[in-house]
Amino acid sequence: MKKRIGSYPRVRVEGGGRGVVGHAGGVLLVETARKSGLDQAISTALAPWRKPRTVHDPGKILLDVALAVALGGDCLADVGMLRAEPGVFGPVASDPTVSRLVDALASAGPMALEAIRTARAEVRERVWKLAGPSAPDAGGQLIVDLDGVLVIAHSDKQDAAATWKKTFGHHPLMGFVDHGRGGSGEPVAGLLRPGNAGSNTAADHIDAARLALAQLPKKYRRGRQTLIRTDSGGGTHEFVAWLARRGRWLSYSVGMTITDSIHAAVLRIPATAWTAAVEPGGEIRDGAWVAELDGDCLKGWPTGMRLIVRKERPHPGAQLRFTDADGMRLTCLATNTKEVPIAALELRHRQRARAEDRIRAARATGLRNLPLHDMAQNRIWLEIVQIALELLAWMPMLALTGPARLWEPRRLRLRLFSAAAQLVTTGRRRYLRLAHHWPWTHLITEALARLNTLPDPG
């Protein structure tokens, strides 16, 4: 008889371990919050909500929830994972205390939101200075992408409604700073809206753009260094006119719906007027061309606006739309950027697809659902999600190099944050000893070493 051998070793499990730390890699986020000054800024911002003789600081409570969300939590109670590790995360408030703070901030309304957002903007400016060449503005231009996100509600929550995709929930409008091909991105705007909010509501796009600009350092609120980029949801007369009135301060690249006049104009473009589309490396894109439109297509739109249309052969099996022409898929964009080849402008707009990566990261970081009932409470939750996403963007920007800088939240959690460690106290000092056999221990220790070289906030 052959002895059966299982695929996995059989181990006995006991619950009496000591000095063992779960999610030890989360110390990377703790150090990022400390070196960026985020802990101090949030604490100062929420000082008005600290009652006399209270034990827990409101700023620390809010930041703890954001850390829990960054580590994979999706509700207020998930802060318990931090409470279980006081040696790494310090004292953590109880669940009722956390809920009371969220209720208090929700009751304060715009005052609390403004306090949190002001603190985030101050810290962002410091982080970008610390990042140096890794900062998103290192290339001379800052790009902000605005896009809507559908958040499904599985219960009857305030302002949850049927969405345009025939689901049920909310439809927040988000803004993300694009870090380019060498990085990820970070949130700068979060406008919570009912599920039936339109994708092309101009007033909402204006509000989101204002929120995004308020998050940027002052020098990027003026001058053409900042580009606002949206899909066709932003291609409305009101929003484009609002952007155009700030033409001396802002550049824009907005997707446009193919109207009858645009469709007719495309059919009149001579073959010699089409230019081959390009890819990021500068190589020619086979089967795609771009051209600029003028004439009747620009009537009623702001002066200085340019219309650029792209045609390309559809993928095999793709179904053509009524707006396509001559078997070619058509897309269109509007911009006020001058003296740049139209192929480069079209490529710049096409890179807006990176916003979908940011949305995927947001869904994996607390935006899969809104866990609270009232709209005011979920607005606070949306701010918490943005702080968590900022920590997940700032930590790689300040501490990681190479391919690891491009890791999305799920991979960061799996490889770095979930690392096990032993907490040892000796000589009145505490040491967190990471498992030596963990394949990514060296990445964690090297990242912590980089963070330690950064100056402490003043």
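The following conversation goes through how some descriptions of this predicted model were reached.

Visitor: What are the ground rules for the values?

Guide: This is a predicted model, in which local features need pLDDT of at least 70 and side-chain atom pairs count only at pLDDT 80 or more, while totals for chains, interfaces and linings use all residues. Residues are numbered from 1 along each chain as its sequence is written, and side-chain values use heavy atoms, with hydrogens and water left out.

Visitor: Why is the protein chain called as compact as a globular protein of its length?

Guide: The radius of gyration, taken over C-alpha atoms, is set against the globule rule, 2.2 Å times the number of residues to the power 0.38. For 458 residues the rule gives 23 Å, and the chain has 25 Å, which is close, so the chain is as compact as a globular protein of that length. The C-alpha trace spans about 80 × 70 × 45 Å along its principal axes.

Visitor: How many helices and strands does the protein chain have?

Guide: There are 15 helices and 15 strands, where helices (H or I, at least four residues) and strands (E, at least two) are DSSP runs numbered from the N terminus.

Visitor: How do you know which residues of α15 are buried?

Guide: Buried means under 20% relative accessible area, exposed over 50%, and partly exposed in between, with a 1.4 Å probe and protein chains only. In α15, Thr441, Leu443, Ile444, Ala447, Leu448 and Leu451 are buried. They cover an arc of only 160° around the axis, which puts them on the same side of α15; the arc is that of the directions from the helix axis to the C-beta atoms. Their cover includes α1 (27-36), α13 (375-399), α14 (409-417) and β15 (429-434).

Visitor: What makes Cys297 buried and Cys75 partly exposed?

Guide: Cys297 has 7% relative accessibility and counts as buried, whereas Cys75, at 25%, counts as partly exposed.

Visitor: Why does Cys297 form no bond with Cys332?

Guide: A disulfide is a pair of cysteine sulfur atoms within 2.5 Å. The closest cysteine sulfur to that of Cys297 is in Cys332, 7.8 Å away, which is too far for a bond. The structure holds zero disulfides.

Visitor: What makes β3 and β4 edge strands?

Guide: Two strands pair if DSSP finds at least two bridges between them. The open sheet has three strands in the order β3-β5-β4, with antiparallel pairing, and β3 (151-152) and β4 (161-162) each pair on one side only. Two bridges join β4 to β5 (residues 168-170), and Ala161 has Gly169 in β5 as its bridge partner.

Notes: Contact means heavy atoms within 4.5 Å.
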